[in-house]
Amino acid sequence: VEYKVLTEDSTLPVAQKIKIREAEKARKEGKRVVIFGWIHRMRMQGKNMMFLTLRDGSGYLQCLLGKEMCQSVDIPKLTVESTVALYGTLVEVPEGKSAPGGHELIVDFWKLIHAAPSGIEAFETKLNKEAGPEVMYDQRHLVLRGETASSLMKLRSVFLQAFRQHYIEQHYVELTTPCLTQTECEGGSTLFKLDYYGEPAYLTQSSQLYLETAIPSMGDVFCIQMSFRAEASRTRRHLSEFTHIEAEMPFITYDELLERLEFLVCDVIEKALSSSSRDMILELNPDLKVPQRPFRRMQYKDAIEWLRQADFRKDDGTLYEYGEDIPEKPERFMVDTLGEPIFLCRFPTAMKAFYMFRDEEDPALTHSTDLLMPGVGEIIGGSMRIWDYEDIMKGYAREGIDPKFYYWYTDQRKYGACPHGGYGLGFERFLAWALKRDHVREVCFYPRYMKRCTP
Ligand code: 4AD
């Protein structure tokens with residue numbers, strides 16, 4: 001082949017810069033365009049024809065380089081992940097052929113902007129899936145260029161917007177809560193400690209306590225904030241840093257709390273499925289539907305009984321007893337067997353956090369709930385909160401918490417206390433359920449879990 005330096009034909013119309021998402025419009029208008037992007041895939045057909053799949057973040061586009069274009073001096077340098085500017089016109093793909101969007105770009109001029117390496121440094125070599133998941137997470141910055149990983153990140157954005165939209169439509173106020181705290185919310189064992197100008201401080205486990213202080217002047221409130229947990233195990237659903245969607249609502253009843261949760265989950269799924277990303281969602285999880293309301297309600301004690309009836313045994317061969325925590329395995333077994341969302345309700349006081357409201361008739365039980373989803377298990381934890389001053393003092397004492405650091409939280413029980421409740425939803429767990437992923441880390445941009453804090 002005789003390579004040459006390409007020049008743009010000056011008799012052609014000036015190319016208009018577009019994104020791939022605008023390709024259909026440009027084709028209908030018959031415009032000459034220029035599109036900047038990355039080579040996602042490339043295939044040479046003989047010496048005189050090359051098919052490229054261009055990627056620009058807004059979509060994928062098939063591009064065709066004919067004989068003259070294949071004679072460019074830059075052709076031998078072209079590799080997957082190189083950046084280019086492609087000039088040309090869009091046409092429908094020939095009958096019987098398929099391409100993203102049903103069209104392709106017939107290139108009449110192109111420029112190489114940056115050549116990605118070939119050989120042992122080549123992108124394809126670097127991302128050898130056989131190397132195992134940890135090696136792939138070391139290369140997360142490159143993995144994100146893949147179709148599945150980038151679809152998951154885009155859908156993260158779609159679902160995040162659906163959550164926000166739900167809250168805004170329901171008149172909740174969004175708050176930005178502190179990440180650095182000097183109080184615990186969910187027990188000392190998973191706190192990340194740090195030195196704060198010589199004083200102990202922690203990364204937040206939950207914004208709940210702060211949200212509670214907002215309801216007297218802001219009513220229903222929510223936040224979308226990172227929470228941190230020094231989890232001592234690596235499971236399919238535990239992260240050290242996760243996106244926590246939390247809300248707090250004054251003057252609601254326990255039943256209303258459960259109804260709001262059902263509404264939230266169903267409304268968000270409905271919003272996402274009626275968005276322009278519907279096809280992308282269904283490609284990842286063809287079975288996703290808006291769940292039936294009301295969700296099954298199951299008391300904690302009945303869940304223990306269910307597990308015993310099902311003869312589900314712990315690793316040591318014994319059955320679960322009333323008063324024991326229901327860990328991931330039995331929880332998954334139950335929700336996967338029943339195959340529908342389950343509200344686990346009324347957990348014993350002894351198992352739960354200091355702030356949970358107790359049942360008036362049976363103070364050994366709390367007005368609490370975990371929402372379990374098939375495939376993942378718990379995605380939401382919520383409860384009514386103690387709103388009586390004496391009761392909260394007893395709660396601190398029971399958990400060995402020094403009330404000194406909680407004066408601002410306690411004050412809510414002095415200055416116009418009210419019955420109230422709220423919840424926290426693990427966004428990655430929600431996505432793992434909705435998009436049918438095995439592991440929550442797949443839906444994180446850069447996951448943080450035990451022994452991984454990089455890249
Ligand atoms: O059940 P949790 O610990 O409840 C709270 O933090 C409450 N203060 C929330 C509230 O009422 N405002 O956590 C709530 C949810 C869980 O259901 C789970 O989905 C998620 O947060 N979560 C985690 N997700 C990923 N990795 C972890 N290590 C998680 N810990 C909790």
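Which polar side-chain atom lies 2.9 Å from an oxygen atom of the ligand? Select Arg385 to find out, and keep in mind as you go that the model you have open is a predicted one. A polar side-chain atom of Arg385 lies at that distance of 2.9 Å from an oxygen atom of the ligand.

Stay with the ligand and select Ile379, where a polar backbone atom is 2.8 Å from an oxygen atom of the ligand. Then move to Ile380, which has a backbone N or O atom 3.4 Å from an oxygen atom of the ligand. On its own the ligand has 620 Å² of accessible area, and the protein covers 94% of this.

Now show the surroundings of the ligand, which sits in the largest pocket. The elements that give two or more residues to the shell around the ligand are β12 (241–250), β16 (377–384) and β17 (420–426), and β16 gives the most, with four residues. If you select the 22 residues around the ligand, you will find that Glu186, Gln208, Glu246, Glu378 and Ile379 come nearest. Colour this shell by class, and it divides into seven nonpolar, seven polar and eight charged residues.

Next, select helix α5, residues 147–169, and look along its length. The helix has 23 residues and, at 1.5 Å a residue, should span 33 Å, which agrees with the 32 Å between its end C-alpha atoms. In an α-helix there are 3.6 residues a turn, so residues three or four places apart point the same way. Just after α5, select His171, which takes a positive phi of about 65°.

The remaining stops concern the backbone, and one general point helps in reading them. Most residues other than glycine have a negative phi, and most peptide bonds are trans. Go to the loop between β4 (60–65) and β5 (83–92), where you can select Glu81; phi of Glu81 is near 80°, a positive value in a residue other than glycine.

From there, move to the loop between α8 (278–284) and β13 (296–299), which holds Pro294. Select Arg293 together with Pro294, and you will see that the peptide bond joining them is cis, with omega about -10°. For the last stop, go to the segment after α13 (427–434), where Pro455 has its place. The peptide bond from Thr454 to Pro455 is also cis, with omega near -5°.

Technical notes
Residues numbered from 1 in each chain as written. Predicted model: local features only at pLDDT ≥ 70, side-chain atom pairs only at ≥ 80, totals over all residues. Heavy atoms only, no water. Near = heavy atom within 4 Å. Polar contact = N/O pair within 3.5 Å; in protein donor to acceptor, adjacent residues only side chain to side chain. Areas by Shrake-Rupley, 256 points an atom, 1.4 Å probe, with all protein chains shown as cover. 1 Å grid on protein atoms, 1.4 Å probe; cavity = no way out; pocket = protein on both sides within 12 Å on 5 of 7 lines; lining within 4 Å. Sits in = over half its atoms within 2 Å of the grid points. Nonpolar A, V, L, I, M, F, W, Y, C, P; charged D, E, K, R; others polar. Expected span 1.5 Å × (residues − 1).
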